[in-house]
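Work through the exercises below with the model open beside you. Try each task before reading its solution.

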Amino acid sequence: MFLTKKHLPRRTFLRGIGATIALPLLDSMVPSRTALAQTAAKPMLRAGFIYIPMGAQMPQWTPIGDKPGFKYSRILKPIEAFRDRINIVTGTSLIAENGHALSNSMWLNGTKPAHGTEIRGGTTIDQIIAQKIGQDTTFPSLEIATEDHASELGSCGGDYACAYMNTISWRTPTTPNPMELNPRVLFERMFGGDGATAESRVTRLRDNLSILDGVTQSVGDLSKGLDTKDKARLTDYMENLREIERRIAKAEKQNSESTGYGAPNAPVGIPDSFEEHATLLFDLWAIAFQANITRVVSFMLARELSTRTYPQIGVPDGHHPVSHHQNDLQRMEMQAKINTYHMGMFRDFLTKLKNMPDGDGNMLDHSMILYGSGMSNSNVHAHDQLPILIAGGAAGRLKGDRHIKVKNDTPLSNLLVGMMDKADVRTDHFGDSSGRIEI
């Protein structure tokens, strides 16, 4: 790579054989003696949506008080250190009959899906915001998950197709966005590797190849024109990418030892450990924001009807059976443990964003992330009083340290309208909204 001037375009890429690496924001991308608002360092909003299934133990979720400095509950406690960037919203509901399929299919659009074999929902807020802020990035949006339903056919309760449980994102009312489960596939989508097939991923594993090797020379050439601060930032960024790729390769090796290299249809790249799987996806999300690969991400941390167990935290029973606790204290405690565990993972993600410089602030300052579920009391499939919070500063547009209480049965869509306001998407109605929640 040959540089003809010190100022780098924001969309500078490192290119090599089988790789195209987007870069984080460097000081060299900000022209000197230019107003911040006219440069690449101008705060840019990022939006995220994280779905947890089967509600929460609401007595252990709901905070006490609604004044600044209110008391965090047991489940929320892991993120209390971020209270100046947290808004907890109590009282919102999905206006729907009870059922798992409605919980995630309506969460981001407030639109009741079609019954039977017809697949029809509503365009979701992530896609609407992506149309506004994601058109000059590599991907307008990314959709990720740790699991999906084994089949999109058949009914998953209430005569709703199982396909509704495989995503929280809809590009159009008839086009649900598939959610990527495989960290390797996501990594190579983001950075231009050739691992589009299971066979090529197995070959890469067998030959111990890295897609980053092809840009080594480009990294060296670019570094020659950078100051000390930018060199350090570029080095940290590339080392982070290599560490993520190393962890993906480790998962692939562990899987290959049980499936064999001769099984190309095996899910190479998906770790056996849920925590490592979810953490890799969170880390790739953070990198996607940092390198401006996308500004909108939706993440289904687990799916409705999931039977995943969590023995590492003392929950040997499946999540779905635990959620139908029938007021058994032991099972209610197990559900609270799952909720708190997921919140701890969210805390780690927020920590990563806060520690990630971005312009005149950090990535958490410039993000707006909705976290929660389309169900509250899972024992009765309740869709009222939902567990909902928003994290981040929304590029200076969102205050924190608030517990926002609204009247019970206020449509969750009212909050989505308020979130769209922060993305400069003005609308007076969305899905089943009856107004807007000002945030």
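**Exercise 1. Place N339 and list its partners.**

Step 1. N339 sits in helix α10 (residues 329-354). Helices here are DSSP runs of H or I with at least four residues, strands are E runs of at least two, and both are numbered from the N terminus.

Step 2. This is a predicted model: local features need pLDDT of at least 70, side-chain atom pairs count only at pLDDT 80 or more, and totals for chains, interfaces and linings use all residues. Residues are numbered from 1 along each chain as its sequence is written, and side-chain values use heavy atoms, with hydrogens and water left out.

Step 3. Check burial. N339 has 4% relative accessibility and counts as buried. The classes are: buried under 20% relative accessible area, exposed over 50%, partly exposed in between (1.4 Å probe, protein chains only).

Step 4. Find the polar contacts. The N339 side chain reaches the backbone nitrogen of Q57 at 3.0 Å. It also reaches the backbone oxygen of G55 at 3.5 Å. A polar contact is a pair of N or O atoms within 3.5 Å; within protein, one must be able to donate a hydrogen and the other to accept it, and residues adjacent in sequence count only if both atoms are side-chain atoms.

Step 5. Complete the list. Neighbours within four places in sequence aside, N339 is in contact with G55, A56, Q57 and I75. Contact means heavy atoms within 4.5 Å.

**Exercise 2. Which residues of helix α11 (residues 412-422) are buried, and what covers them?**

Step 1. Count. 11 of the 11 residues of α11 are buried, so the helix is largely enclosed by the rest of the structure.

Step 2. Name them. The buried set is L412, S413, N414, L415, L416, V417, G418, M419, M420, D421 and K422.

Step 3. Find the cover. It includes the strands β3 (46-51), β4 (86-93), β11 (367-372), β12 (388-391) and β13 (402-411), together with helix α3 (125-133).

Step 4. Look just past the helix. D424 takes a positive phi of about 60°.

**Exercise 3. Describe helix α4 (residues 183-191) from its start to the residue after it.**

Step 1. At the start, a side-chain oxygen of N182 comes within 2.9 Å of the backbone nitrogen of R184.

Step 2. 8 of the 9 residues of α4 are buried, so this helix is largely enclosed by the rest of the structure. They are P183, R184, V185, L186, F187, E188, M190 and F191.

Step 3. G192 follows α4, with a positive phi near 80°.

**Exercise 4. Map the nonpolar cores.**

Step 1. Define the term. A nonpolar core is a set of buried Ala, Val, Leu, Ile, Met, Phe, Trp, Tyr and Cys residues joined through side-chain atoms within 4.5 Å.

Step 2. Take the largest core. It has 77 residues, and I21, W61, F191, M238, W285, F346 and L389 touch the most other members. Helix α8 (residues 274-290) gives the largest share, 11 residues.

Step 3. Find the second core. It is separate, holds 47 residues, and includes M106, I128, Y164 and I439.

Step 4. Zoom in on I21. Beyond four places in sequence, its contacts include F191, L212, V215, Y237, M238 and L241.

**Exercise 5. What lines the largest pocket?**

Step 1. Define it. On a 1 Å grid over the protein atoms alone, a pocket is an open set of points with protein on both sides within 12 Å along at least five of seven lines; lining residues have an atom within 4 Å of a point.

Step 2. Its volume is about 270 Å³. Grid points are joined across faces, edges and corners, and the volume is the space filled by probe spheres set on the points.

Step 3. The lining is A232, R233, D236, Y237, N240, Q290, K352, N355, M356 and P357. Helix α7 (residues 228-259) supplies the largest share, 5 residues.

**Exercise 6. Compare the settings of two non-glycine residues with positive phi.**

Step 1. N327 is not a glycine, yet its phi is positive, about 60°. N327 lies in the loop between α9 (319-323) and α10. At 55% relative accessibility, N327 is exposed.

Step 2. Q385 has a positive phi near 50°. Q385 belongs to the loop between β11 and β12. At 31% relative accessibility, Q385 is partly exposed.

Terms used. 1 Å grid on protein atoms, 1.4 Å probe; cavity = no way out; pocket = protein on both sides within 12 Å on 5 of 7 lines; lining within 4 Å.
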